[in-house]
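Student: I would like to go through this model and ask what justifies each label. Please set the values against the cut-offs.

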Amino acid sequence: MAPLLAIPPFPGARLPDFAVPANGAGEEHAPDAASLLDALAAHRVGGCYWGRQMAGPAVLDASNWPDDADPWALLDTAEAVSLPADDPRCLLALAAKIPLSAHGPDGQPQDCDVAALLRAHLTGWQWRDPFSGEPISPAEAIALCGFWRRLINSNRDIVAALGFAHWKRPTVAPLLWNGRETPFRRGVPSGAGEGKVAIWRSRLSAAQDSWLEGRSVLEVEDGFIRSAGLGADCVPPLSIIVDRRGVHFDPNQPSDIEDLLEHGQYPAELCERAAALRAAIVAAGLSKYEQGKSAPLPRPGGARRHVLVPGQVEDDRAVTSGGALSSNLELLRRARAAVGPDAFVIYKPHPDVLAGHRRGLMTADEAAAYADHVETAASMAGLIDMVDEVHVNSSLAGFEALIHGKPVTVYGVPFYAGWGLTTDHGPVPARRTARRSLNELVAATYLLYPRYLDPETGLPCPAEVLVQRLAGREVRLDQKARALVAIRRLAGRANRMLRG
């Protein structure tokens, strides 16, 4: 007998044991049959739930039920099901409330023993959390499969993926997998057909950009807890964002995260989960590219009010897409004017700029005109902990300061501006009318919007799993990735020398 549930074969995943025979242990605590069947139907899992989508015949039976097809797509169009009484697919038919005719080996009608089928294929197994190895209940295993199913379903209409660098593809592929392939394409796709095109816009060629005219696109960007290392150093992302409306940093058009914040529902359970995640991120000292809690930083300005001003990449789309100041120097000047001469202003250049990969470096004299100190070594989380307030253009550091409980002043229009949590100087869109609590903002930003990959198993995972991985140990790169990072760092140093 095999279990009813399985982990989908995500590309590159290292599949751990999901179920082992329980030998009767724990079955007395199993939920009743009706609740388990309802859970299977609610999450649409069991069998090859990631399989190809196809309509089935009016009467489904063992001869016309392909093993590689999504059973729920077949059941959606079925009027009746006829199966051997010991076939585990009887459970799916019952869960879908499709009339079931069960029969014995001789073809004669036979009652279906639901309890025995559940015991053989669900409750008689010990389910294990693939990320921790800890035991979980059958209901929790069903819910986890439902999490994977929803991710796969969201990718079903993707017919091509353009602009994805080769070094990103191994970690992005599982998060864009549609159950059959991750459709990365080089050049201009041929025969892509109707559907959505997932794009990493900053890497599109002119020909690809032209081909996309009139097509429906999904914008893909790095997630907000991305990796232990820079994207500009070719460290692959462990989190991405896939936006069907726009992109989170462009205030000129709606985005999925803006819609979540304007119209989303935030029940108490979700807010409690967000509060716990926020506490874990702060305790671990995590930010977008960094991991690890450092010792408290000294306050170089003594008793003066300390203000952190994080720089950005000046040619980044988050700066050029609208609503943001055009230069780090102008940001620093505006921040100094706002806080006055008595504040101790700390300027932190963006790590990609410091690495020599991107634009935005200012001279020492330019920085000294407005900043009391330029910090290049301390972590963002450590600096946020030390200062009294943070002033940003449209940097994610402003959001990270909010989750640390610090006042944030914003001169651009990042996604977290306009909800009542920041002092806003940028042109916030009038469509942002909702007022949100910090936990609601965290829930939208970390729990509902991005997708995450577990670096241990290679499986898509909830946000908490990646936070735990990054907080608990160093995430190591393979040999090929380490070599690429070394090459990129050498190139960055050369770029800095050339720029003087």
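**Labels and their grounds**

Tutor: Start with the open sheet in this predicted model. The open sheet has 6 strands in the order 7-8-9-10-17-18, and its pairing is mixed.

Student: What makes strand 7 and strand 18 stand at the edges?

Tutor: Strand 7 (158-162) and strand 18 (460-461) each have a single partner strand, so one side of each has no neighbour in the sheet.

Student: How do you know that strand 9 and strand 10 pair?

Tutor: Pairing requires at least two bridges. Strand 9 (residues 217-222) and strand 10 (residues 239-243) are joined by 4 bridges and run antiparallel. In strand 10, D243 stands opposite E219.

Student: Which strands does helix 6 touch where it packs on the sheet?

Tutor: Helix 6 (residues 169-176) touches strand 7, strand 8 (196-199), strand 10, strand 17 and strand 18. The direction of helix 6 makes about 120° with that of strand 17.

Student: How many bridges join strand 17 to strand 10, and how many join strand 17 to strand 18?

Tutor: Strand 10 and strand 17 run antiparallel with 3 bridges, and R451 in strand 17 is the bridge partner of I240. Strand 17 and strand 18 are antiparallel with 2 bridges, which meets the requirement of at least two. Y452 stands opposite C461 in strand 18. Strand 17 and strand 18 form a hairpin with 6 residues between them, and G458 in the turn has a positive phi of about 75°.

Student: What makes both faces of strand 17 count as covered?

Tutor: P450 and Y452 on one side are buried, as are R451 and L453 on the other. In general, side chains in a regular strand alternate between the two faces of the sheet.

Student: Why is helix 16 called mostly covered?

Tutor: Of the 11 residues in helix 16 (residues 438-448), 9 are buried. Among them are L438, E440, Y446 and L447. The cover includes helix 8 (256-263), helix 9 (268-284), helix 15 (396-403), strand 17 (450-453) and helix 17 (463-472).

Student: Why are helix 1 and helix 5 called roughly parallel?

Tutor: The axes of helix 1 (residues 33-43) and helix 5 (residues 138-155) cross at roughly 10° and come within 9 Å. Angles under 35 degrees count as roughly parallel, and helix 1 and helix 5 therefore earn that label. On the helix 1 side, L36, A39, L40 and H43 make the contact, meeting residues of helix 5 that include P138, I142 and R150. By class, this contact of helix 1 with helix 5 has 7 nonpolar, 2 polar and 2 charged residues.

Student: How many disulfides does the structure hold, and how far is C48 from the nearest cysteine sulfur?

Tutor: The structure holds 0 disulfides. For C48, the nearest cysteine sulfur is that of C145, 12 Å away, whereas a disulfide needs sulfur atoms within 2.5 Å. C461 has its closest cysteine sulfur in C145 as well, at 15 Å, which is too far for a bond.

Student: Are C48 and C461 buried or exposed?

Tutor: Buried means under 20% relative accessible area. C48 is at 14% and C461 is at 2%, so each counts as buried.

Student: Where is L286 found, and why does L286 count as buried?

Tutor: L286 lies in the loop between helix 9 and strand 11 (306-310). The relative accessibility of L286 is 4%, so L286 counts as buried against the cut-off of under 20%. L286 and P71 are 215 residues apart in sequence and 41 Å apart in space, C-alpha to C-alpha.

Notes:
Residues are numbered from 1 along each chain as its sequence is written. This is a predicted model: local features need pLDDT of at least 70, side-chain atom pairs count only at pLDDT 80 or more; totals for chains, interfaces and linings use all residues. Side-chain values use heavy atoms; hydrogens and water are left out. Buried means under 20% relative accessible area, exposed over 50%, partly exposed in between (1.4 Å probe, protein chains only). Contact means heavy atoms within 4.5 Å. Axes are lines fitted to C-alpha atoms, for helices over the stretch in contact, and angles run from 0 to 180 degrees between N-to-C directions. Angles under 35 degrees count as roughly parallel, over 145 as roughly antiparallel, 65 to 115 as roughly perpendicular and the rest as oblique. Ala, Val, Leu, Ile, Met, Phe, Trp, Tyr, Cys and Pro count as nonpolar, Asp, Glu, Lys and Arg as charged, and the others, Gly among them, as polar.
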